[in-house]
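Student: Please take a close look at one helix in this chain and tell me what it packs against. I would like the neighbouring elements described as well, with the residues named.

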Amino acid sequence: MDTVLWQTLAGTRGGPNRARVLRALDERPRNANKLADDLDLAYNTARYHLDVLEENGVITSSEADYGTVYLPSERTRNHWETVEEILTQVDD
């Protein structure tokens, strides 16, 4: 999981935005629309980053079709020290 976290959050051009998304979801789970508003991202950009994070098992979502709520996955929570290390480096 450490490799997936590094690649997803720091290894690509979109990594810093995905790191912001993960940090925001850790503070409070939310849906894509609220997340886009809170992070001042275009809705499609927020959706793209949510999809990448979910496909890689970094976040999980509720089963609702409308207003799906996203939050960090249990696997990510189990590797939160790595997430913190990555967030520190991405913030520099």
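## One helix and its surroundings

Tutor: A negative result comes first: with ring centres required to lie within 6.5 Å, the count of aromatic pairs is zero. This is a predicted model, and the helix to follow through it is H2, residues 15-27.

Start with the helix before it. H1 covers residues 2-10 and packs against H2 at an angle of about 110°, the two axes being 6 Å apart. Angles of 65 to 115 degrees count as roughly perpendicular, so H1 is roughly perpendicular to H2. On the H1 side the contact uses Thr8, Leu9 and Ala10, and on the H2 side Gly15, Pro16, Arg18, Ala19 and Leu22. By type, the residues of this contact are five nonpolar, two polar and one charged.

H2 also meets H4, which spans residues 43-55. Here the axes come within 10 Å and cross at roughly 80°. H2 and H4 are therefore roughly perpendicular to each other. H2 supplies Asn17, Arg18, Val21 and Leu25, while H4 supplies Tyr48, His49, Leu50, Val52 and Leu53. The residues of the contact between H2 and H4 comprise six nonpolar, two polar and one charged. Arg18 appears in the contact with H1 and again in the contact with H4.

The remaining neighbour is the sheet. H2 lies across S1, S2 and S3, and runs at about 100° to S3. The sheet is open and has three strands in the order S1-S3-S2, with antiparallel pairing. S1 and S2 are at the edges with a single partner strand each, so one side of each has no neighbour in the sheet.

The pairings can be read residue by residue. S1 (residues 30-31) joins S3 (residues 69-72) in the antiparallel sense through two bridges, with Arg30 opposite Tyr70. S2 (residues 59-61) pairs with S3 over three bridges, also antiparallel. In that pairing Ile59 stands opposite Pro72, and Ser61 has Tyr70 as its bridge partner. Tyr70 of S3 thus faces Arg30 as well as Ser61.

One ring contact completes the account. Although the count of aromatic pairs is zero, Arg77 lies over the face of Trp80, at 5.6 Å from the ring centre.

To sum up the part you asked about: H2 packs against H1 at about 110°, crosses H4 at roughly 80°, and lies across the strands S1, S2 and S3.

Methods: Residues numbered from 1 in each chain as written. Predicted model: local features only at pLDDT ≥ 70, side-chain atom pairs only at ≥ 80, totals over all residues. Heavy atoms only, no water. Axes fitted to C-alpha atoms, helices over the stretch in contact; angles between N-to-C directions. Helix = DSSP H or I, 4+ residues; strand = E, 2+ residues; numbered from the N terminus. Parallel < 35°, antiparallel > 145°, perpendicular 65-115°, else oblique. Contact = heavy atoms within 4.5 Å. Nonpolar A, V, L, I, M, F, W, Y, C, P; charged D, E, K, R; others polar. Phe/Tyr/Trp six-rings, centres within 6.5 Å; stacked < 30°, edge-to-face > 60°. Lys NZ or Arg CZ within 6 Å of the ring centre and 35° of its normal. Pairing = 2+ DSSP bridges.
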